[in-house]
Amino acid sequence: MAGLLEIHDKDGHPEHKLQLERSEVPFICGGCKELGFGLRYQCPNKNCNYILHDECGFGLQYRRPPTQKFFKKCDFQFHQQNPLLGTRICNICALDIQGFLYQCSHGDIDLHPHCANLSLTITLPDSNELIELRENTKSRCLKCQRKERAGKVQGLSYVSSDGKLCYHVACLKEACLDNWKRGYFQLDVLPNEENKILALQNLAPNQVVRPSEGQSSNAMKGIKLLITFLKLVVSAILGEPFTLVSTLFQISQN
């Protein structure tokens, strides 16, 4: 998605125009109130910390999301706040919407701007295998161990082509936020080996993520594949934080 170098949020931040920049430090978007990394629009005033996801800035300027594979019959409009009564839930991540949103003109489908821009497919390095964004998956989520989330809105999941690795978008967003709160996603603090393992274990609590002596080649291959899967879906969810991800997932083989 090509972003404008400068935007003006006349309602949320009329004082200054916001400038596009890349940051590897986590932030909370002032528009959708969701966690973000990577590209963002930020006020140039050093005394102001107003920040928007680049996707929220895109919605603010163009008012419509990219073409939606899963909601083809919807005519989406951008809103800075919910125009309808009651709590709205994102149909991609199944989490509450607290700020900026795309809403179908029929009022039955709502999307976070960042969720509306998630990659539909991700290619595994050195492989022809894909990770796909899917609905109605039969695979169990690496975090919650359920095939479906509780609640009226199920949301979507990232699933490997063989169906062995799966992560609900909602669970992944919650786990990433939890890792941030625990201090695992802070680039100004040099992560030690133990914190890397704890961060990975929090993402996949029922999986072996620590390589060790005596493990079979198949076990090591499985751990490597799992870590690669987590790296790619975390990058997709949070907006390609390459430096953070490469640092987080560099686990010693000793």
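**A walk from a loop residue to the core**

Let's start at Arg 63, which is partly exposed, with a relative accessible area of 34%. Keep in mind as you look around that this is a predicted model. Arg 63 sits in the loop that links α1 (54–62) and β5. Its backbone is worth a look: phi of Arg 63 is near 70°, a positive value in a residue that isn't glycine. Most residues other than glycine have a negative phi.

Arg 63 has a counterpart further along the chain. Gln 145 has a phi near 65°, again a positive value in a residue other than glycine. You'll find Gln 145 in the loop between β9 (130–134) and β10 (157–160). Its relative accessibility is 30%, so Gln 145 counts as partly exposed.

Now go back to β5, the strand at the far end of the Arg 63 loop. β5 belongs to an open sheet of three strands, ordered β5-β6-β7, with antiparallel pairing. Why do β5 and β7 each have one side without a neighbour in the sheet? β5 (76–79) and β7 (110–111) stand at the edges and each has a single partner strand, so one side of each is left open in that sense. Strands of a sheet pair through backbone hydrogen bonds. Between β5 and β6, which run antiparallel, there are four bridges. For one example, take His 79, whose bridge partner in β6 is Leu 101.

Staying in β6 (residues 101–104), stop at Gln 103. Is Gln 103 buried or exposed? Gln 103 is buried, because its relative accessible area is 5%, and the cut-off for buried is under 20%. What does this polar side chain pair up with? One polar contact, of 3.3 Å, runs to the side chain of Asn 82, and another, of 2.7 Å, to the side chain of Asp 110. Setting aside neighbours within four places in sequence, the contacts of Gln 103 also include Phe 76, His 79, Arg 88 and Ile 109.

Finally, head for the nonpolar interior. In soluble globular proteins, nonpolar side chains tend to be buried together. Here the largest nonpolar core has 68 residues, and Leu 52, Tyr 158, Tyr 167 and Leu 230 touch the most other members. Helix α4 (residues 217–238) supplies the largest share of this core, with 11 residues.

Zoom in on Leu 52. Beyond its neighbours within four places in sequence, Leu 52 is in contact with residues including Ile 7, Leu 18, Phe 27, Leu 60 and Phe 100. Asp 9 and Arg 40 are also among the contacts of Leu 52.

Terms used: Residues numbered from 1 in each chain as written. Predicted model: local features only at pLDDT ≥ 70, side-chain atom pairs only at ≥ 80, totals over all residues. Heavy atoms only, no water. Core = buried A, V, L, I, M, F, W, Y, C linked by side-chain atoms within 4.5 Å. Buried < 20%, exposed > 50% of the residue type's maximum accessible area, 1.4 Å probe, protein only. Helix = DSSP H or I, 4+ residues; strand = E, 2+ residues; numbered from the N terminus. Contact = heavy atoms within 4.5 Å. Polar contact = N/O pair within 3.5 Å; in protein donor to acceptor, adjacent residues only side chain to side chain. Pairing = 2+ DSSP bridges.
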